[in-house]
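I opened this entry to keep track of what I looked up. My notes follow the order in which I went through the model.

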Amino acid sequence: MSEQIMNTSSKGTALITGASSGIGAIYADRLARRGYDLILVARDRERLGAVAKGLTDETGRSVEIIGADLNNKPDLARVEQALRTDASITMLVNNAGVAATSTLLESDVDKMDEMITLNVRALTRLTYAAAPGLVARGGGTIINIASIVGVRPEALNGVYGGTKAFVLALSMSLQKELAEKNVRVQAVLPGATATDLWGKAGLPVEHLPSEIVMPADDMVDAALAGLDQGELITIPSLPDAADWEAYEAARQKLIPNLSHRVPAARYRAAAAA
Ligand SMILES: NC(=O)c1ccc[n+]([C@@H]2O[C@H](COP(=O)([O-])OP(=O)(O)OC[C@H]3O[C@@H](n4cnc5c(N)ncnc54)[C@H](OP(=O)(O)O)[C@@H]3O)[C@@H](O)[C@H]2O)c1
């Protein structure tokens, strides 16, 4: 596979999950134009095939598709295998995901379980499959599509927010671990973005106030601009990067005091009373 799709002008191959629609299909377009060959993953082979054909015709890049339900372990294993064995891969875009907008009391726990399986388990297994090869080949890039609900879990469904907080936490951990190995891990935290995700989650995007909804093309272009600028966390909507830096500085300030032999004085006082 890798021999067929490599060519001298290529930046290597980017494997993009959830590339049949929305944000993932736009990443496919932008990365092909940047000189990447592509492996596109999603369930809908027909839509994937149409995306692939359009991009091959327009850009001349090699675009392969893998039809896979990432909630199905054998399907997921095929994608993991591709990541482990295709030495042309230089980038993984962990984008496939589903959302929910319902409250706990209105939600079907089996649907929550499926969301965790896709947003957390699949993303984790694909990251674990990709990272060793990237390290062995001297570097690469992992882009993890999180969400602003990762830092604002009160906004939508709490399990959705929880899955995206996981993506953010895993990314931050890997940023530290893989930095010296020349593997960049970018977490992208989009706000509301105009895709079918909302309709599938039961709240069509047209029902949101238009001033909070970003066109998907703009969101991806901003996220790639953040990548080009070397950002590790990119929030396409955030006007002032200093606001995130202040949030991060507050977290850093906690760190020296998060683990001590003795409880904090206020709890000792309560126990003695
Ligand atoms: N839209 C937003 O407002 C927004 C905001 C923040 C973060 N995000 C995140 O952005 C990512 C992309 O979402 P989107 O807005 O582009 O939504 P979308 O248009 O619904 O795209 C989701 C993609 O994931 C794929 N997918 C879904 N279930 C899958 C499964 N079981 N196995 C394999 N692929 C699967 C879908 O393809 P198939 O149906 O063909 O499988 C589709 O290509 C998600 O992680 C989402 O959480 C979106």
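I count two residues as in contact when heavy atoms of theirs lie within 4.5 Å. I also note that this is a predicted model.

**Entry 1: N95**

I began by locating N95, which sits in the loop between β4 (89-94) and α5 (109-136). Next I asked: is N95 buried or exposed? I found a relative accessible area of 11% for N95, and the cut-off for buried is under 20%, so N95 counts as buried.

I then listed what N95 touches, leaving aside neighbours within four places in sequence. The contacts of N95 are T17, G18, I23, G24 and I145. For G18 I have a distance as well: a polar atom of the N95 side chain lies 3.0 Å from the backbone oxygen of G18.

**Entry 2: the strand before that loop**

I went back to β4, which comes before the loop that holds N95. I noted that β4 is largely enclosed by the rest of the structure, because 5 of its 6 residues are buried.

Which strands pair with β4? I found β1 (residues 13-17), which pairs with β4 in the parallel sense over 4 bridges. I also found β5 (residues 140-145), whose pairing with β4 is parallel and runs over 4 bridges. I wrote down one bridge from each pairing: L15 is partnered by L92 in β4, and V93 is partnered by I143 in β5.

**Entry 3: the ligand**

I turned to the ligand and asked how many residues surround it. I got 30, and the closest are R43, Y160, T193, T195 and K200. By type, the shell divides into 14 nonpolar, 10 polar and 6 charged residues.

I checked which helices take part. At least two residues of the shell come from each of α2 (22-33), α6 (158-178) and α7 (197-200). The most comes from α7, with 3 residues.

I looked up polar atoms next to the ligand. I23, already listed as a contact of N95, has a backbone N or O atom 2.8 Å from an oxygen atom of the ligand. L70 has a backbone N or O atom 2.9 Å from a nitrogen atom of the ligand. For K164 I noted a polar side-chain atom 2.9 Å from an oxygen atom of the ligand.

Last, I looked up how much of the ligand is covered. On its own the ligand has 880 Å² of accessible area, and the protein covers 96% of that.

Technical notes
Residues are numbered from 1 along each chain as its sequence is written. This is a predicted model: local features need pLDDT of at least 70, side-chain atom pairs count only at pLDDT 80 or more; totals for chains, interfaces and linings use all residues. Side-chain values use heavy atoms; hydrogens and water are left out. Buried means under 20% relative accessible area, exposed over 50%, partly exposed in between (1.4 Å probe, protein chains only). A polar contact is a pair of N or O atoms within 3.5 Å; within protein, one must be able to donate a hydrogen and the other to accept it, and residues adjacent in sequence count only if both atoms are side-chain atoms. A residue is near a molecule or strand if one of its heavy atoms lies within 4 Å of it. Accessible areas come from the Shrake-Rupley method with a 1.4 Å probe; for residues, only the protein chains shown count as cover. Ala, Val, Leu, Ile, Met, Phe, Trp, Tyr, Cys and Pro count as nonpolar, Asp, Glu, Lys and Arg as charged, and the others, Gly among them, as polar. Two strands pair if DSSP finds at least two bridges between them.
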